[in-house]
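Trainee: I'd like a close look at one part of this model, please: the salt bridges. How many does the structure hold, and where do they sit?

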Amino acid sequence: MTGGITVKDVSAHDFVKSYAAYLKRTGKLEVPKWVDLVKTATYKELAPYDQDWFYIRAASVARHIYLRNGVGVGALKKNYGGRVNRGNRPHHHAIASGSVARKVMQALEKIKVVEHDPNGGRRISQDGQKDLDRIAAQIVRADQ
């Protein structure tokens with residue numbers, strides 16, 4: 001490859017897993033007190049089983065913003081939504097929790113991974129891009 005390794009060069013699953021582990025290991029990401037109680041959407045019946053779901057969601061949001069700048073809460077609600085079970089009627093798409101999306105972006109903003117975009121939404125900061133590309137390069141090195 002002619003340039004450095006970027007987030008686009010690695011598998012999404014591997015990147016989110018590695019970056020979530022990095023966020024948990026560093027301990028910089030501020031996790032709200034209510035993460036063990038909350039559902040991630042109104043159409044869900046239970047809260048997530050994984051104790052580290054907030055780190056995984058933060059890593060996924062960081063990757064999403066890296067790939068597409070100017071993402072706001074509404075776009076994340078739509079992206080992390082799913083199908084609502086309406087009994088014997090057909091499934092419909094339902095949006096995810098806006099509070100969770102907002103708190104994840106605020107937590108990423110505090111550790112300076114994302115910043116406000118003047119055109120609306122959030123964009124990846126320069127430090128955040130360096131961090132994410134560094135994690136992607138580590139994944140590529142580990143695979144070789």
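Mentor: Let's settle one term before we zoom in: helices here are DSSP runs of at least four residues (H or I), strands are runs of at least two (E), and both are numbered from the N terminus. Also keep in mind that this is a predicted model. The average pLDDT of the protein is 93, and 98% of the residues score at least 70.

Now get your bearings. The protein has five helices and four strands, and starting at the N terminus they come in the order α-α-α-β-β-α-β-β-α. With a radius of gyration of 16 Å, close to the 15 Å that the globule rule gives for 144 residues, the protein is as compact as a globular protein of that length. Along the principal axes, its C-alpha atoms fill a box of roughly 55 × 35 × 30 Å. Buried residues account for 37% of the 144.

On to your salt bridges: the structure holds six. Take Lys 110 and Glu 30 to begin with, whose closest N and O atoms are 3.3 Å apart. Lys 110 belongs to helix 4 (residues 98–110), while Glu 30 is in the loop between helix 1 (12–26) and helix 2, so this pair ties together parts that are 80 residues apart in sequence. Check how open each partner is: Lys 110 is exposed, at 57% relative accessible area, whereas Glu 30, at 48%, is partly exposed. The cut-off for exposed is over 50%, so Glu 30 falls into the in-between class.

That link across the sequence has company, by the way. Of the contacts between residues at least 6 apart in sequence, 61% join residues at least 24 apart.

Next, find Asp 131 and Arg 134. Their side chains meet in a salt bridge, 3.2 Å from N to O. This one stays inside a single element: both residues are in helix 5, three residues apart, so about one helical turn separates them. Asp 131 has 21% relative accessibility and counts as partly exposed. Arg 134, at 33%, also counts as partly exposed. Elsewhere, salt bridges with shared partners join Glu 115, Asp 117 and Arg 123 into one network.

Within that network, pick out Glu 115 and Arg 123, whose side chains form a salt bridge at 2.9 Å, N to O. Glu 115 is partly exposed, with a relative accessible area of 29%, and Arg 123 is partly exposed too, at 30%.

How far can you lean on helix 5 (residues 126–143), home of the Asp 131 pair? Its mean pLDDT is 93, the lowest among the elements, while helix 2 (residues 53–67) has the highest, 96.

Since helix 2 came up, here's a polar contact to set beside your salt bridges. Ser 60 is in helix 2, and its side chain makes a polar contact with the side chain of Tyr 80 at 2.5 Å. Skip the neighbours within four places in sequence, and Ser 60 is in contact with Val 16 and Tyr 80.

Finally, look at the outside as a whole. The accessible surface comes to about 8,900 Å², and carbon and sulfur atoms own 48% of it.

Key. Residues numbered from 1 in each chain as written. Heavy atoms only, no water. pLDDT = per-residue confidence, 0-100. Salt bridge = Lys/Arg side-chain N within 4 Å of Asp/Glu carboxyl O. Buried < 20%, exposed > 50% of the residue type's maximum accessible area, 1.4 Å probe, protein only. Rg over C-alpha atoms; globule rule 2.2 N^0.38 Å. Contact = heavy atoms within 4.5 Å. Areas by Shrake-Rupley, 256 points an atom, 1.4 Å probe, with all protein chains shown as cover. Polar contact = N/O pair within 3.5 Å; in protein donor to acceptor, adjacent residues only side chain to side chain.
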